[in-house]
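Welcome! Below are a few exercises, each with a worked solution to follow step by step. Have a look at the sequence and the model, and then let's begin.

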Amino acid sequence: MNPTIDIICIGEVLIDFIGHEINTSINKTKDYHRFLGGSPTNVAVNASRLGMNTALVATCGKDGLGDYILRKLKARHVDTSLIRIAPTAPTSVIFVSKSTETPDFIPYRQADCEIHEDQLPDDTIAQAKIFHTTCFALSKNPARTTILNRAKKAKELGLQLSIDLNFSERIWPDRIEAQSVIKEYLSNDPLVKLSEDDCFRLFGEIKTEAFIFEYFHQLGASTICLTKGKEGVTVSDIEEGIFYQKANPIEEVKDATGAGDAFWTGFLYGKIEHKSLTDCIAIAQKLAAIKLQTLGTLPENLDIIQMIQAQ
């Protein structure tokens with residue numbers, strides 16, 4: 001069967017209320033602007049923007065914010081048929097400081113973790129190429145159990161798995177439990193994306209690149225992308241070894257929120273297009289650079305595919 005879905009993204013859908021004043025703490029931020037958010041949601045929207053067929057498996061509330069989410073996803077051509085409307089839990093929201101570095105945030109989690117196994121049938125998984133999720137999504141049940149079970153089925157059906165290890169102790173206070181769940185997911189050999197900040201939070205201390213790559217390879221991941229912000233990205237691949245690419249120069253960073261999701265969308269796009277690892281990273285860096293210079297989602301008025309493919 002020829003896959004009809006490029007990427008199934010499963011995990012959190014929510015509303016980001018992003019502060020209007022740049023590099024101002026949440027304590028002092030007066031005004032917030034509303035954006036569609038959630039890491040797997042961002043990947044689904046970005047991938048659709050690049051012409052890929054994407055489906056989002058997620059849950060929102062039966063409320064005005066849930067209506068907003070569905071309207072925005074449909075407008076961006078993301079398949080919403082796998083989204084559940086929770087009858088009582090309100091839509092999850094996160095307040096985020098607008099920042100040129102890693103943003104501060106306060107999560108108010110409700111409906112996002114109410115993901116049930118019947119939302120993603122086997123025959124739907126079988127129609128896809130990539131199964132993508134996040135550490136955030138794995139942090140609470142029932143979403144955790146659903147994602148682990150569906151990931152195992154996706155592996156059996158021959159899909160490439162993927163994960164953004166966006167660990168935060170504010171989202172997942174039990175670090176030992178988090179490491180155990182990550183271990184279970186990584187046994188499926190997903191493509192792994194994580195940042196230096198993620199690593200520091202996950203291990204509670206600074207670790208060397210050698211430690212990080214050995215740790216996650218031993219858990220079962222063949223390809224690991226370690227992003228380092230303006231310092232670029234280092235990739236460790238079981239077959240191709242370790243290599244580094246510097247970040248694209250940017251004149252003005254307008255907003256760092258979602259830049260990692262843009263990066264990973266570019267990487268997955270490259271994998272689907274059968275690009276080399278170095279090309280996948282180059283595409284990822286270009287998409288991240290575009291996002292860093294944009295507030296909210298990727299700009300609508302640019303030929304982004306042409307921009308990221310240009311050498």
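**Exercise 1.** Find out how strand E1 is joined to strand E4, and how many bridges there are.

*Solution.* Start by locating E4 at residues 54-61 in this predicted model. Next, follow E1 beside E4: the two strands run parallel, and four bridges join them. To check a position, look at isoleucine 8, which stands opposite alanine 55 in E4.

Now turn to strand E8, residues 128-134. E1 pairs with E8 in the parallel sense, again over four bridges. Here isoleucine 7 stands opposite isoleucine 130 in E8.

**Exercise 2.** Decide whether the residues of strand E1 (residues 5-10) are buried or exposed.

*Solution.* The cut-off to use is under 20% relative accessible area for buried. Six of the six residues of E1 are buried, so the strand is largely enclosed by the rest of the structure.

**Exercise 3.** Work out the strand order of the open sheet of four strands, and name its edges.

*Solution.* Read across the sheet and you get E3-E2-E6-E7, with mixed pairing. The edges are strand E3 (32-37) and strand E7 (105-108), each of which pairs on one side only. From one strand to the next, the twist averages 20°.

Then zoom in on E6, residues 93-98: E6 and E7 run antiparallel and are joined by four bridges. For valine 93, the bridge partner in E7 is tyrosine 108.

Finally, see what packs on this sheet. Helix H2 (residues 64-75) does, touching strand E2 (14-22), E3 and E6. The direction of H2 makes about 60° with that of E3.

**Exercise 4.** Describe how helix H1 (residues 39-49) packs with helix H9 (residues 259-272).

*Solution.* Take the geometry to begin with: the axes are 9 Å apart, and the packing angle is about 50°. That angle makes H1 oblique to H9. The crossing of these two helices is right-handed.

Next come the residues. From H1, Ser39, Asn42, Val43, Asn46 and Ala47 take part, and they meet Asp261, Ala262, Thr265 and Leu268 in H9. Sorting the residues of this contact gives four nonpolar, four polar and one charged.

**Exercise 5.** Do the same for helix H6 (residues 175-186) and helix H7 (residues 196-203).

*Solution.* The axes of H6 and H7 come within 9 Å and cross at roughly 120°. H6 and H7 are therefore oblique to each other. In H6, the residues to find are Arg175, Gln179 and Ile182; they meet Arg201, Leu202 and Phe203 in H7. The residues of this contact divide into three nonpolar, one polar and two charged.

**Exercise 6.** Two loop residues are left: decide whether lysine 28 is buried or exposed, and do likewise for threonine 80.

*Solution.* Lysine 28 is found in the loop between E2 and E3. Its relative accessibility is 60%, and the cut-off for exposed is over 50%. Lysine 28 therefore counts as exposed. As an extra step, compare positions in the chain and in space: lysine 28 and serine 97 are 69 residues apart along the chain, while their C-alpha atoms are separated by 9.6 Å.

Threonine 80 sits in the loop between H2 and strand E5 (83-86). With 16% relative accessibility, threonine 80 counts as buried. Leaving out residues up to four places away in sequence, threonine 80 touches Leu70, Leu73 and Lys74.

Notes: Residues are numbered from 1 along each chain as its sequence is written. This is a predicted model: local features need pLDDT of at least 70, side-chain atom pairs count only at pLDDT 80 or more; totals for chains, interfaces and linings use all residues. Side-chain values use heavy atoms; hydrogens and water are left out. Two strands pair if DSSP finds at least two bridges between them. Axes are lines fitted to C-alpha atoms, for helices over the stretch in contact, and angles run from 0 to 180 degrees between N-to-C directions. Contact means heavy atoms within 4.5 Å. Angles under 35 degrees count as roughly parallel, over 145 as roughly antiparallel, 65 to 115 as roughly perpendicular and the rest as oblique. A crossing is left-handed if the near helix is turned anticlockwise from the far one by less than a right angle, and right-handed if clockwise. Ala, Val, Leu, Ile, Met, Phe, Trp, Tyr, Cys and Pro count as nonpolar, Asp, Glu, Lys and Arg as charged, and the others, Gly among them, as polar. Buried means under 20% relative accessible area, exposed over 50%, partly exposed in between (1.4 Å probe, protein chains only).
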